Amino acid sequence: MAEFLTPLRVELADEHAGTWRIAQPLRYQSAVAGRCIVVPKGFITDFASVPRLPIIYLAAGNTAHAPAVVHDWLYTSGELRRSIADAVFLEAMKAAGIAWLRRWAMY
């Protein structure tokens with residue numbers, strides 16, 4: 001079963017860059033990866049990169065923060081192939097309760 005085992009806790013890292021620092025490890029149990037993924041304290045993220053075009057941002061902006069952090073970590077760390085990291089992102093959005101249409105738009 002896919003689920004977040006800890007809540008996402010962040011602090012602003014750089015207001016001008018729009019980046020955030022993970023304040024405590026984020027743990028996500030992934031069925032796709034077959035293991036627990038741990039994003040370490042101190043990791044810097046910008047959450048999900050969504051184009052600022054109004055209709056796209058309204059549909060997908062400022063959402064799915066915890067899944068986006070897991071995805072950013074997997075891309076940065078290289079722990080998994082990108083195709084698997086993308087599948088984990090989709091799975092994590094579902095685990096976070098993101099609606100089907102929004103999940104697919106962000107995926």
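Buried means under 20% relative accessible area, exposed over 50%, and partly exposed in between (1.4 Å probe, protein chains only). This is a predicted model, where local features need pLDDT of at least 70, side-chain atom pairs count only at pLDDT 80 or more, and totals for chains, interfaces and linings use all residues. Residues are numbered from 1 along each chain as its sequence is written, and side-chain values use heavy atoms, with hydrogens and water left out.

**Exercise 1. Confidence**

Task: State the average pLDDT of the protein, then find where pLDDT stays under 50.

Solution:
- Step 1. pLDDT is the predictor's confidence in each residue, from 0 to 100.
- Step 2. The protein averages 86, and 85% of the residues score at least 70.
- Step 3. Residues 51-61 stay under 50. The model has 13 contacts (heavy atoms within 4.5 Å) for this stretch beyond four places in sequence.

**Exercise 2. Elements in order**

Task: Count the helices and strands, and list them from the N terminus on.

Solution:
- Step 1. Use DSSP runs, numbered from the N terminus: helices are H or I with at least four residues, strands are E with at least two.
- Step 2. The count gives 4 helices and 6 strands.
- Step 3. The order is β-β-β-β-β-β-α-α-α-α.

**Exercise 3. The sheet and the hairpin**

Task: Work out the strand order of the open sheet, then describe how β2 and β3 are joined.

Solution:
- Step 1. Two strands pair if DSSP finds at least two bridges between them.
- Step 2. The open sheet has 3 strands in the order β1-β4-β5, paired antiparallel. β1 (3-4) and β5 (35-39) are at the edges with a single partner strand each, so one side of each has no neighbour in the sheet.
- Step 3. Between β1 and β4 (residues 26-30) there are 2 bridges. Glutamate 3 is opposite glutamine 29 in β4.
- Step 4. Now take β2 (residues 10-14) and β3 (residues 19-22): 4 bridges join these antiparallel strands. Leucine 12 faces tryptophan 20 in β3.
- Step 5. β2 and β3 make a hairpin with 4 residues between them. In the turn, glycine 18 has a positive phi of about 70 degrees.

**Exercise 4. Helices across the sheet**

Task: Which angles do α2 and α3 make with the strands?

Solution:
- Step 1. Fit lines to C-alpha atoms, for helices over the stretch in contact; angles run from 0 to 180 degrees between N-to-C directions.
- Step 2. Helix α2 (residues 65-77) lies across β1, β4 and β5, at about 90 degrees to β5.
- Step 3. Helix α3 (residues 82-95) also lies across β1, β4 and β5, at about 105 degrees to β4.

**Exercise 5. Aromatic pairs**

Task: Find the aromatic pairs, classify their geometry, and say whether their residues are buried or exposed.

Solution:
- Step 1. Rings of Phe, Tyr and Trp (its six-membered ring) pair if their centres lie within 6.5 Å; planes under 30 degrees apart count as stacked, over 60 as edge-to-face and the rest as tilted.
- Step 2. The count is 2 aromatic pairs.
- Step 3. Phenylalanine 4 and tyrosine 28 are 4.6 Å apart centre to centre, with 45 degrees between the planes: a tilted pair. Phenylalanine 4 is in β1 and tyrosine 28 in β4, 24 residues apart.
- Step 4. Phenylalanine 4 has 21% relative accessibility, so it counts as partly exposed. Tyrosine 28 is at 0%, so it is buried.
- Step 5. Phenylalanine 43 and tryptophan 73 have ring centres 5.2 Å apart and planes at 85 degrees, so this pair is edge-to-face. Phenylalanine 43 is in the loop between β5 and β6 (44-45) and tryptophan 73 is in helix α2, so the pair ties together parts 30 residues apart in sequence. Both residues, phenylalanine 43 and tryptophan 73, are buried.
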